[in-house]
Structure formats: structure tokens, C-alpha cells
Amino acid sequence: MKKILFPVLCFFMIAPALPAQTDALAADAKGALEAENEQRFRVIRYGTDIEIAGLIRALRSEQIEEESPLDDELRALAEKTNNRAILSGVFGYFGERKKTGLEERAKKAVADRDYEETQTVTGAIDYLGLVKARDCTGIFEDILKGEETRYLASAIRAMGRCSAENADSDSTAAFLSSYYQDRESSDENRREIILALGETRSKNAAAFLADIAENEEEKAPLRMASLESIAKIGDESGLGAALKTVSSKDPNVRSAAIGALSPFDGQAVDDAIVEAFRDSYYRSRIAAAKAAAMRKITGAVPFLVFRAENDEVPSVKEEAIKALGRIGNDEARDALEKLFGEKKNSDRVRIAAAEMLLAQNGGYTQRIVQALDEAKTANQTALYNGILKSLGTAKLDNLQDFARRLFAGGGVIEKSYAIDICSNNNYRELASELQKLSDPKNGSLSRKSTALLEKWGLPLSPPENENEAEAETAPSS
């Protein structure tokens, strides 16, 4: 009895300390996160342009989409600083994320361009275009009329983007078309004008673009840009040019024409896309696969299966597999199963097929996890990593046990994907696993798990009793 009693007594002596220890770890994790955030605020308030550039690089890598208090700090900094490196960096970061709030500062930089650094003005113009700012078309017209070479390309791009959601798309298209015809612009700026016309989404520009696309004497990059813009506008007046140029002598124009057919309807469009699988130029076959996927052309499935099995270009095989997954009928799914199950196929083919099977439904999960284990046993590192990534990015309702397994026995990469699975599928039932990883000693896993717990509004340490745990981790409505 004494031999049994001693361990039991030790357990009850130690047990009360466990919640305190867990709370201490959670406090450490929270403290580390708060310290990191405070340091970031201090960098914005007092740092050099190099230090702020480093912070922006870190923020980019974290890919945070939600509005952050740091955004307000960066906006305030942009409003008061004249440091060109800081301004262009903040404009670039906010533009990439389509974050508003700097429009007036950017307009001021463009209006005062004679006194600002070129880098700052270019960043401001690009930002205004990316956020589709209002009431700035006149500024861009002034730059184009004045032939201000340094800013022409940026102003043309921004002009098209800004007009798309505003009331001046037709007038902008008319201005750009006239500018194209009346000015002796470089080929690159002419191409920018053509692409900007597509950005306006003005139907009035379609006929102008069709003339360029059909002109066999015109340079290929300009014809290709015209076809791209015709596709963006999607007006029937551009369809004839796309159908005509699928048989162009220039292979690059042919591939661009096939891609331009995607937004249009009709049997003639479907027939032209399917026929493009016979094109010897590999980019045409890629364009055909993408167009068939977008339009879900079931008649293209036999061609896609043949390309996936036999094409000599790996990128064509992969695009054909993706198209089969997006079409997703019985014939396409059967083909994907065979491609994935054939062990003689390349790793790239099997990984692409696994990704598409997982996109269908959860019926393939067990089979794909089994293949993952087989790849690990056989030391097929590339195949293992590729299948693991496919599982880690999937959105399914039957990956919870697999995520739990990764938490229990995986390394850093496996645990990172387990966190992704929880995030993608809202597996709050696994919050306790995230709480274990929130210890700062876990480095990147700590930051990642802590961020997800905070997003869910859950504590960094487990609740003290099961009833509380059930209440905390219950899925939100």
C-alpha cells in the first residue's frame, strides 16, 4: 500500500501546480507578443527608413489582411514624413493590400511632383491606381498631356484602374484612345495604354482594341495586350477579333486569343478552345486548359485526359489536371483517381491530382493520407511534401483527426500545416493543441498559433475545467 500511496500523494502534490504552470506559459506567450507589437510601434515612431523598410518586409511576409493598429501608425507616419524611402515603402505596402486612407497624401505628392522625389511620386501614382481612388483622373491627364516621361507609364496604368469603378470610364477610354492615335509614344507606353483601356471596362473601347488585335502587321505584344483587354471588357464587339486571331501565324498571339475567349458564350467559342488542344505551341494548350476550366467545357475532358497523360511539357500536364478538377464531372474525377494512383507518374502529376481530388469532396482524404504515409516510408521527400501541402491547404470537414496526428507526432513543418488546417476549417475543437504551441519557445509556431487563437477570441491557455473548455471551443454561429 505504501508503494502505491507515495506516487498518488506526489501526483496530488504536483497537480495543483499544473494550472499555474500553464498560466505562466500563456502569460509568457502573451507578454512576448505584446513586447513584439510594442517594439513595432516604436520602430514606426522613431525608426530610420531602413528599419521601417525591414518592418514592412516582415508585415508583408505575415500576410495580415485585417485592419491593424499598426496601419493607423503607418498612415500617421506617411502624413507627416517627407522621407522618400518611407513614403514609397508605405504607399507600396498599402497599395498591395488595397488599403485606403492615404489618398489625400498621395494626391498631394503627385500635385507637388516638381518638388518631390521621383520615387515618392511614382509610389503615390501606383497607390492611387491600386485603391481605385476617386477624383484624380485630371491629375493623370495633366501628366500625359505634359509628356512627363518619368511618370507616363504609372499614370496610364493608374488612370485605367481609377476609372473602372467611377463614372468616367467612357471618357477615360476616349481620352486614352485619342492619345494612342495622336501621340508618338514608345511601344511600352502604347502597350500600357491598351492594357489601361481594358481596365476601364468601357465597351466603347472594344472596337478600337479589335482593330489592333486583328492587324497582322502590328507588333505581337500590342496585339496580345489588345486581346487581354478585350477579355476584360467582355463585350461581344470584341469576340470576332478573338475568334479570328486563334489562327494567327504568330503562336503568342494565338495563345492570347484562346485566353481571350473565356468570358464569351457560344458553341463557336467552345469549339475554338477545344481545337486549341491540337496546337503545337505549348502556351496555346495551357490557355486552352485554363479556358476549358473556366467555362467547364465537358467536351474538353477527353482532350484534357490525353494532355495530362501524354503531354511532353510538365506545365501543360499540370494545367490539364487542374482543369479536370475544376470541371469535376464523373469522367474527370475518374481520370484524376487514375493519375494519382499510378505510381509511375511523376511526383508533380500525382501532387496536382491529389490537390484536385481534395477539392472535390472528403471522399478521397483517407486514400491521400495513406499515399502520404507511403511516400514517407519510401523516403520520397518531394512527393511527401507536396501531398502534405495539399492536405494542409484543403477545406474539408474530415481532416480533424489528421490535424491532431500532425500535432502529436509531426515536426515543425507538419505542425505548421496542422495550424493551417485548423484555420482553414475552423477546427476550434483543437484549440488545446494550439494553446500548447503558444509557448514562446516554439518560435514561429508560437506566433502562428497565438494569432489564430486571438482571431478566434480564445485564451492562450486551456480552461481549468471541461465545461468551460466546451463553451470556449464551441464553433461560432
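Here are some numbered points to help you find your way around this predicted model.

1. A good place to begin is the second largest pocket, which holds about 280 Å³ of space. Its lining is made up of Met224, Asn252, Ser255, Ala256, Gly259, Ser262, Arg283, Ile286, Ala287, Lys290, Ala291 and Met294. Two elements give two or more residues each to this lining: helix 15 (251-260) and helix 17 (282-295). Helix 17 has the largest share, with six residues.

2. What is the chemical character of that lining, in nonpolar, polar and charged residues? Six of the residues are nonpolar, four are polar and two are charged.

3. Next come the charged pairs. Side chains of opposite charge can pair when their charged atoms come close. Searching the whole structure turns up 36 salt bridges, and the next points walk you through a few of them.

4. Look first at Glu73 and Arg45, which form a salt bridge whose closest N and O atoms are 3.1 Å apart. This pair links distant parts of the chain, since Glu73 belongs to helix 4 (residues 69-80) and Arg45 to helix 2 (residues 17-46), 28 residues apart. Arg45 has a relative accessibility of 42%, so it counts as partly exposed.

5. Helix 4 appears again in the salt bridge between the side chains of Arg97 and Asp71, at 3.1 Å from N to O. Asp71 is in helix 4 while Arg97 sits in the loop between helix 5 (84-96) and helix 6 (103-111), so the pair ties together parts that are 26 residues apart in sequence. Are these two partners buried or exposed? Arg97 counts as buried because its relative accessibility is 14%, and Asp71 counts as buried because its value is 2%.

6. Further along the chain, the side chains of Lys448 and Asp420 meet in a salt bridge of 2.9 Å, N to O. Here helix 27 (residues 444-456), which holds Lys448, is linked to helix 25 (residues 412-425), which holds Asp420; the two residues are 28 apart and lie in distant parts of the chain. Lys448 is partly exposed, with a relative accessible area of 28%, and Asp420 is also partly exposed, at 21%.

7. Some charged residues are joined in a network. Asp187, Arg190, Glu218 and Lys219 are linked to one another by salt bridges in this way.

8. Two backbone angles deserve a look. Lys98 is not a glycine, yet it has a positive phi of about 55°; you will find Lys98 in the loop between helix 5 and helix 6. Asp135, another residue other than glycine, has a positive phi near 60°. Asp135 lies in the loop between helix 7 (118-130) and helix 8 (137-145), and it counts as exposed because its relative accessibility is 73%.

9. Finally, take a moment over Asp311, in the loop between helix 18 (301-310) and helix 19 (314-327). Is Asp311 buried or exposed? With a relative accessibility of 3%, below the 20% cut-off, Asp311 counts as buried. Which polar partner does its side chain meet? The side chain of Asp311 makes a polar contact with the side chain of Arg285, at 2.8 Å. A polar atom of the Asp311 side chain also lies 2.9 Å from the backbone nitrogen of Val313. Leaving aside residues up to four places away in sequence, Asp311 touches Arg285, Phe306, Val316 and Lys317.

Key. Residues numbered from 1 in each chain as written. Predicted model: local features only at pLDDT ≥ 70, side-chain atom pairs only at ≥ 80, totals over all residues. Heavy atoms only, no water. 1 Å grid on protein atoms, 1.4 Å probe; cavity = no way out; pocket = protein on both sides within 12 Å on 5 of 7 lines; lining within 4 Å. Points joined across faces, edges and corners; volume = space filled by probe spheres on them. Helix = DSSP H or I, 4+ residues; strand = E, 2+ residues; numbered from the N terminus. Nonpolar A, V, L, I, M, F, W, Y, C, P; charged D, E, K, R; others polar. Salt bridge = Lys/Arg side-chain N within 4 Å of Asp/Glu carboxyl O. Buried < 20%, exposed > 50% of the residue type's maximum accessible area, 1.4 Å probe, protein only. Polar contact = N/O pair within 3.5 Å; in protein donor to acceptor, adjacent residues only side chain to side chain. Contact = heavy atoms within 4.5 Å.
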